Amino acid sequence: RSALIAQVVHWTGGHPYLTQRLCYEVAKAEATTSQQVDQLCRETFLDRKARETDPNLHFAHERILKDPENDPGELLRLYATVRKGTPVRYNPTNSLANTLRVSGLVAVLESQLQVRNRIYAEQFTSTWVQESLRSLPDVARRKAYWQGFRRAALLGCILLLSTSAAIWFGVKAKQENREKTQLAKKNDQQTKLLLKGKEELLTITRQLSNRTGEVAGKTKELSAKIGELTQKSQELQMRKQAVEDLKKAQGVTAVALAQAQSNLTQAQRKVNQVRAQVTRLQASARSAVLKVEQLGQDEFKIAARTPGQEKRALTLGIRTISSLLESGITPKDETLENLSRVVNRGLVRLAHLRHDWRVTCVALSPDGKMAVTAGFSNEIWVWDVATGQCVQKITGFPNKLRPNEQYCTVIFSPSGDQVLTGAQDGVLRLWEVRGGRLSKKPLEHTVQELANGELGTMLFALFSPSGKEIATTARLANGRYTVLVIDA
């Protein structure tokens with residue numbers, strides 16, 4: 001992709017309209033090679049009819065041949081001199097030079113007039129100059145034509161601006177309404193889900209409270225019955241012993257002994273029945289506690305996924321685990337892991353990176369452990385995200401930021417081992433990341449060295465997905481914008 005962009009700039013020389021139009025044709029044709037870019041450029045701009053069909057080329061053509069204030073012949077001869085490579089120094093008071101510069105055919109580089117790009121050089125050739133000189137109309141017709149052209153151009157510009165503004169505002173309003181509607185629907189769904197879960201939890205809690213009271217009452221009754229039955233069993237054992245003693249002593253009949261044994265068997269059967277009932281009640285209570293745990297986990301998960309509900313999710317998790325422990329039940333691993341994630345996320349969200357000045361850009365490392373911030377200050381701060389502490393502050397650059405200047409971009413490389421910063425002082429700095437800190441001596445690139453000596457300020461920069469190239473935008477001192485691609 002960088003090779004295609006470089007080939008586009010090779011033809012357009014950074015001209016905004018020509019660059020945008022050629023990039024559109026490249027994307028539309030899905031071109032992948034520099035040769036395809038060259039072919040698209042010839043078909044779009046270098047055809048003979050392009051001077052009539054393309055608005056930019058048509059404007060330059062008409063501006064030279066139908067200028068009302070200057071002689072077209074003189075303009076053509078001056079352009080022919082510049083095109084031959086003869087040095088022509090730019091004089092701001094020279095109306096011919098100013099007209100050529102306004103038409104876009106030439107640019108001022110190092111105080112010399114030069115053809116602005118290859119498209120203009122191959123479209124407006126020496127042959128075009130000679131043909132135009134032979135076909136120049138008289139002065140009166142030229143002035144009348146130019147006045148009509150200016151009126152039509154003004155009306156066309158007003159109509160184009162009005163239509164573009166109406167379309168832009170309409171699309172923006174429609175998009176904002178769609179986003180607001182989707183956000184409202186999402187909030188309503190989450191609110192209804194939370195209210196429903198809360199109502200179900202309250203209902204189960206009431207049922208559990210009532211069931212717990214009932215179980216406690218029955219447990220006391222059963223305990224009393226067990227005590228009574230135990231006492232009766234002891235009494236029966238004593239009676240059995242007495243019967244045996246009596247049988248030995250007095251020769252009690254076998255019928256009386258069998259009756260005593262039957263009574264003992266019935267008593268033991270009743271004790272076993274009571275113990276089975278206690279076991280069933282305990283199992284019922286355990287099932288109810290586990291059901292409450294599941295409902296608590298469901299509401300806990302809903303709260304954990306909702307921004308701003310970390311505290312409530314933490315309270316629900318602790319309450320659920322405490323209830324299980326009080327009931328003698330070991331919590332599930334899933335419950336403990338969910339509580340741990342909410343605690344960790346809550347701690348990170350509550351960590352604040354405090355600054356004494358306004359922050360304009362921030363970058364987070366790919367592993368989430370480092371953060372780098374900058375803004376309206378001649379400083380770069382490096383933070384430990386886990387603790388919220390500043391571990392490094394870098395100051396004292398050779399080119400200090402002047403008042404109202406700021407850092408415009410801070411970004412990590414895809415591998416996380418480099419940090420790129422750009423500021424309005426026109427310097428692009430590439431830092432190495434070592435042990436959670438930035439190297440003290442970065443690799444610096446200035447707009448002046450990257451843009452063939454022109455001064456300017458950095459606006460935005462980013463790494464390629466491979467991390468091997470860097471693309472940056474800059475605003476030059478002459479008001480033009482450019483895209484620069486360098487190796488990382």
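This report describes the salt bridges, nonpolar cores, sheets and cysteines of a predicted model.

## Salt bridges

Side chains of opposite charge can pair when their charged atoms come close. The structure contains 6 salt bridges. Three of them are listed below, including the separation of the closest N and O atoms for Arg21 and Asp54.

| Salt bridge | N to O distance |
|---|---|
| Arg21 and Asp54 | 2.9 Å |
| Glu74 and Arg77 | 3.3 Å |
| Arg118 and Glu122 | 3.0 Å |

Arg21 belongs to helix α2 (residues 16-29), whereas Asp54 is in the loop between α4 (50-53) and α5 (55-65), so their salt bridge ties together parts that are 33 residues apart in sequence. The surroundings of the two partners can also be described. Arg21 is partly exposed, with a relative accessibility of 27%, while Asp54 is buried, at 2%.

The pair Glu74 and Arg77 lies within helix α6 (residues 72-83), where a spacing of 3 residues separates the two by about one helical turn. Glu74 has a relative accessible area of 36% and counts as partly exposed; Arg77, with 42%, is also partly exposed.

Arg118 and Glu122 are both in helix α8 (residues 118-123), 4 residues apart, which is about one turn of the helix. Arg118 is partly exposed at 32% relative accessibility, and Glu122 is partly exposed with a relative accessible area of 37%. Elsewhere, salt bridges with shared partners join Arg21, Glu25 and Asp54 into one network.

## Nonpolar cores

In soluble globular proteins, nonpolar side chains tend to be buried together. In this model, the largest nonpolar core comprises 36 residues. Leu22, Phe45, Ile64, Tyr79, Leu105 and Phe124 have the most contacts inside this core. At least two core residues come from each of the helices α1 (2-12), α2, α3 (34-45), α5, α6, α7 (95-103), α8 and α9 (126-134). Helix α6 supplies the largest share, 6 residues.

Which residues does Ile64 touch, leaving aside those up to four places away in sequence? The contacts of Ile64 are Pro72, Leu75, Leu76, Leu100, Ser103, Leu105 and Trp128.

A second core, separate from the largest one, has 16 residues. Among them are Met370, Val382, Val410 and Phe412.

## The four-stranded sheet

An open sheet of 4 strands is arranged in the order β3-β4-β5-β6, and the pairing is antiparallel. Strands β3 (359-364) and β6 (389-395) are at the edges; each has a single partner strand, so one side of each is left without a neighbour in the sheet. From one strand to the next, the twist averages 20°.

The antiparallel pairing of β3 with strand β4 (residues 370-375) extends over 5 bridges. Within this pairing, Ala363 has Val372 in β4 as its bridge partner.

## The three-stranded sheet

Another open sheet has 3 strands in the order β12-β13-β14, again with antiparallel pairing. Its edge strands are β12 (456-463) and β14, and because each has a single partner strand, one side of each lacks a neighbour in the sheet. The twist here averages 25° from one strand to the next.

Strand β13 (residues 469-476) pairs with β14 in the antiparallel sense over 7 bridges. These two strands form a hairpin with 4 residues between them, and Gly479 in the turn has a positive phi of about 95°. Thr472 has Leu484 as its bridge partner in β14, and Thr473 stands opposite Val483 in that strand.

The side chains of β14 (residues 481-487) alternate along the strand. Thr482, Leu484 and Ile486 point to one face and are buried. Tyr481, Val483, Val485 and Asp487 point to the other face and are not buried. Leu484, the bridge partner of Thr472, thus has its side chain on the buried face, whereas Val483, opposite Thr473, points to the other face.

## Cysteines

A disulfide is a covalent bond between the sulfur atoms of two cysteines. How many disulfides does the structure hold? The number is 0. Cys41 is buried, with a relative accessibility of 0%. Cys408 takes part in no disulfide, and the nearest cysteine sulfur, belonging to Cys361, lies 7.5 Å away. A disulfide requires the two sulfur atoms to be within 2.5 Å, so the separation of 7.5 Å between Cys408 and Cys361 does not meet that cut-off.

How values were computed:
Residues numbered from 1 in each chain as written. Predicted model: local features only at pLDDT ≥ 70, side-chain atom pairs only at ≥ 80, totals over all residues. Heavy atoms only, no water. Salt bridge = Lys/Arg side-chain N within 4 Å of Asp/Glu carboxyl O. Buried < 20%, exposed > 50% of the residue type's maximum accessible area, 1.4 Å probe, protein only. Pairing = 2+ DSSP bridges. Axes fitted to C-alpha atoms, helices over the stretch in contact; angles between N-to-C directions. Core = buried A, V, L, I, M, F, W, Y, C linked by side-chain atoms within 4.5 Å. Contact = heavy atoms within 4.5 Å.
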